[in-house]
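Work through the exercises below with the model open beside you. Try each task before you read its solution.

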2 protein chains.
Amino acid sequence: MMNVQYSVGQSKPCPVHDFALFATLGDTFSDALKVVPSDSVEYAATDTIYSAGVSAQHIYLLRDGYVKLFKTTASGKDQIIRVVKAGEIFGFDGLVDIRYNHSAMPLKHATVCRIAVDNLDMLGARRPEVERLIMVRCIKELQHADERLLELGAKRSDERLASFLLGWCNAANRWTPLILSRLEIAQLLGLTIETISRLFAQWKREGLLEEKQQAIQILDRHKMKQVADSNV
Amino acid sequence: MMNVQYSVGQSKPCPVHDFALFATLGDTFSDALKVVPSDSVEYAATDTIYSAGVSAQHIYLLRDGYVKLFKTTASGKDQIIRVVKAGEIFGFDGLVDIRYNHSAMPLKHATVCRIAVDNLDMLGARRPEVERLIMVRCIKELQHADERLLELGAKRSDERLASFLLGWCNAANRWTPLILSRLEIAQLLGLTIETISRLFAQWKREGLLEEKQQAIQILDRHKMKQVADSNV
DNA sequence: CGAACAATTGAATAAGGTCAACGGCTGTGG
DNA sequence: CCACAGCCGTTGACCTTATTCAATTGTTCG
C-alpha cells in the first residue's frame with residue numbers, strides 16, 4: 001500500500017453499521033460487524049484504490065466522495081464502468097475471484113471503509129445475510145450495467161450525455177456539483193473530450209444547461225429528456 | 001403464456017440437479033430441489049420468454065440452445081445484453097425487483113427449466129446456498145458486463161467483432177456453428193448489419209476466417225487476436 | 001507570475017451508418 | 001416441379017457523426 005493515507009491511525013475501526021445499506025440487516029448484523037476487523041482509509045485524487053489484476057483482498061464501502069471503476073484496453077484507453085456514490089459498496093470480485101477485474105480510483109477524493117474478504121468468515125451465521133445483501137446489490141448493478149450497455153451500444157453522443165446528466169442531476173433545477181472532468185465524462189460515455197465540450201457549448205447556447213464553477217444546472221429538464229430519447 | 005410449448009406435459013418436472021451449476025451445491029441441495037416445483041418449457045425462435053417490464057416470476061436455467069437477453073431503446077433499436085449458453089441461469093431480476101428489466105428470446109430454439117421465485121422459499125435452510133450461488137453467478141456476469149462495456153465504449157468495430165468471434169469459437173481451428181444472424185451480431189456489438197458483413201467479407205478475403213453453411217472457423221487465431229487488440 | 005493542465009473551438013479526416021440495388025437461399029403454393 | 005415471394009446477406013455510393021489534429025484560451029497551483 002503506497003499512496004494510502006489512513007484517516008487517523010493504521011487501523012481505525014469503521015462504523016459500518018451506521019450505513020443504510022448495512023442497517024437493513026438489523027441489529028444482530030451490526031453487532032456481528034463489530035467483531036469484524038475493518039478500517040477506514042482516505043484517498044486523494046491521484047491515489048489508486050486498487051488496480052485490475054491485483055489480488056482482491058478487500059470489499060469496500062464508500063463513506064464519502066466518489067469512486068470511479070474503470071478498465072483499460074491493451075492500447076491504453078480507459079473506460080469508466082461505474083461511478084460509485086457514498087453509501088454504496090464496490091470491489092466484491094474477491095468473493096469469487098482471486099483478482100480484481102477492474103481498477104478503482106477516486107474522483108477528487110474518497111473515504112472508504114474496507115473489510116478483508118478473509119475476515120468475512122467471522123460473521124458466522126450472519127454470513128448468509130451478507131451474501132444475500134451482496135446478491136441484491138449485485139443484481140441492481142447488473143441492471144445498471146444493462147442500461148449502460150444499451151446506451152453505449154445503441155445511442156448517439158447527445159443521447160448518452162443527456163441521459164448521463166439527467167441521472168447525475170437528480171434534483172430538478174438546482175445546482176449540482178459536477179465532480180467529473182470532461183475527460184472522465186468522455187471515458188464514461190465512450191466519447192472524446194471534444195465531443196463532450198461541443199455538446200456542453202451547444203446546450204449552453206440553447207439555454208438547456210448552465211455551468212458555473214464546478215457545478216451545472218439543467219434549465220429545461222423536459223427538453224433534456226427529449227434529447228436523451230431523441231424525440232426531437 | 002401464449003406461444004409457449006411445454007416439452008411433454010404442462011408441468012414436467014425438471015432435473016435441475018443434473019446441471020453442473022447446481023451440482024456444486026452437493027447432494028443435500030439436489031434432494032431439496034426435488035421438492036421445489038419446477039417445469040421444463042420449450043421455445044421456438046419467434047417466441048418470447050419474457051419481456052422487459054413484465055412481472056418477474058421465474059428464474060430460468062437454460063438446458064438446451066441459446067437465449068439472447070436484450071433491451072430496446074425508446075426509438076426501437078435493440079441492444080443484446082448477453083447471449084446465454086446451455087447450463088447458465090438467467091432472469092433473476094425477480095429476486096430483487098417486481099419486473100424484468102430486459103427481454104429474453106431464444107436464438108433459434110431453447111429449452112429452459114424454470115422455478116417460480118415464490119417457490120425458492122421452499123428450499124428453507126438450503127436457501128442461503130442458493131443465494132450464494134446466485135451471488136457468485138451474478139458477480140461473474142458483472143465482470144462479463146464490465147468487459148462488454150469496455151468493448152462498446154472503447155473499441156473499434158473490427159476489434160469488437162474479432163473479440164466476439166474469438167470468444168464464440170473457443171475451440172481452435174474447428175468449425176463452430178454461428179447461431180446468430182448478422183443482425184443479432186450487430187445488435188450485440190452496437191454496429192450495423194452492413195459493417196458486420198463488410199468485416200466478414202474482408203477477413204474471408206484475407207484468409208483469416210472461413211464460413212460454410214451456418215458455421216465459421218477462425219483460420220488464423222493469432223492474427224485474429226492481434227485484430228482484437230489492434231496490434232496491427 | 002509562470003508552468004502545467006483543462007477546456008474550447010475550428011478545420012480536416014476517418015469510421016461507421018444510411019440508402020439502395022442486387023444476389024442467393026428457402027419455403028410455399030399453383 | 002417450378003415459379004415466385006420473402007428474408008437474409010452482400011456490395012457500392014454517399015452521407016453523417018464523431019474523432020483527430022492543432023491552435024488558443026482559461027484555470028489551477030506551486
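A salt bridge is a side-chain nitrogen of Lys or Arg within 4 Å of a carboxyl oxygen of Asp or Glu. Keep in mind that this model is predicted.

**Exercise 1. Find how many salt bridges link chain B and chain A, and check one of them.**

Solution.
Step 1. The count between chain B and chain A is 6 salt bridges.
Step 2. Take Arg132(A) and Glu131(B) as the example. Their closest N and O atoms are 2.6 Å apart.
Step 3. The cut-off is 4 Å, so a pair at 2.6 Å qualifies.
Step 4. Now turn to polar contacts. Chain B and chain A have 10 residue pairs of this kind, with both residues at pLDDT 80 or more.

**Exercise 2. Describe the side of chain B that touches chain A: which elements build it, and which classes of residue does it hold?**

Solution.
Step 1. List the elements of chain B that give two or more residues: β3 (58-72), β4 (78-85) and α3 (127-154).
Step 2. Pick out the largest share. It comes from α3(B), with 22 residues.
Step 3. Sort by class. This side of chain B has 17 nonpolar, 10 polar and 14 charged residues.

**Exercise 3. State how much area chain B and chain A bury between them, and which three residues of chain B supply the most.**

Solution.
Step 1. Interface size is often given as the accessible area lost when the parts come together.
Step 2. Here, chain B and chain A bury about 3,800 Å² between them. Carbon and sulfur atoms account for 67% of that area.
Step 3. Met135(B), Leu142(B) and Leu149(B) supply 16% of the area that chain B buries against chain A. No other three residues supply more.
Step 4. Count the residues in contact: 41 from chain B and 41 from chain A.

**Exercise 4. Work out which parts of DNA strand D the protein meets, and through which residues.**

Solution.
Step 1. There are 15 residues around DNA strand D. Those that come nearest are Ser157(A), Thr195(A), Arg198(A), Arg182(B) and Ser197(B).
Step 2. Look at the strand's atoms within 4 Å of the protein. Of these, 65% belong to sugar or phosphate, and the rest to bases.
Step 3. Find phosphate examples. A polar side-chain atom of Arg182(B) lies 2.7 Å from a phosphate oxygen of DNA strand D. For Ser197(B), a side-chain N or O atom is also 2.7 Å from a phosphate oxygen.
Step 4. Find a base example. Glu194(A) has a polar side-chain atom 3.2 Å from a base nitrogen.
Step 5. Name the largest share of the surface near DNA strand D: α6(B), with 5 residues.

Definitions and conventions
Residues numbered from 1 in each chain as written. Chains lettered and ligands numbered in written order. Predicted model: local features only at pLDDT ≥ 70, side-chain atom pairs only at ≥ 80, totals over all residues. Heavy atoms only, no water. Contact = heavy atoms within 4.5 Å. Buried area = accessible area lost by both parts, 1.4 Å probe. Polar contact = N/O pair within 3.5 Å; in protein donor to acceptor, adjacent residues only side chain to side chain. Helix = DSSP H or I, 4+ residues; strand = E, 2+ residues; numbered from the N terminus. Nonpolar A, V, L, I, M, F, W, Y, C, P; charged D, E, K, R; others polar. Near = heavy atom within 4 Å.
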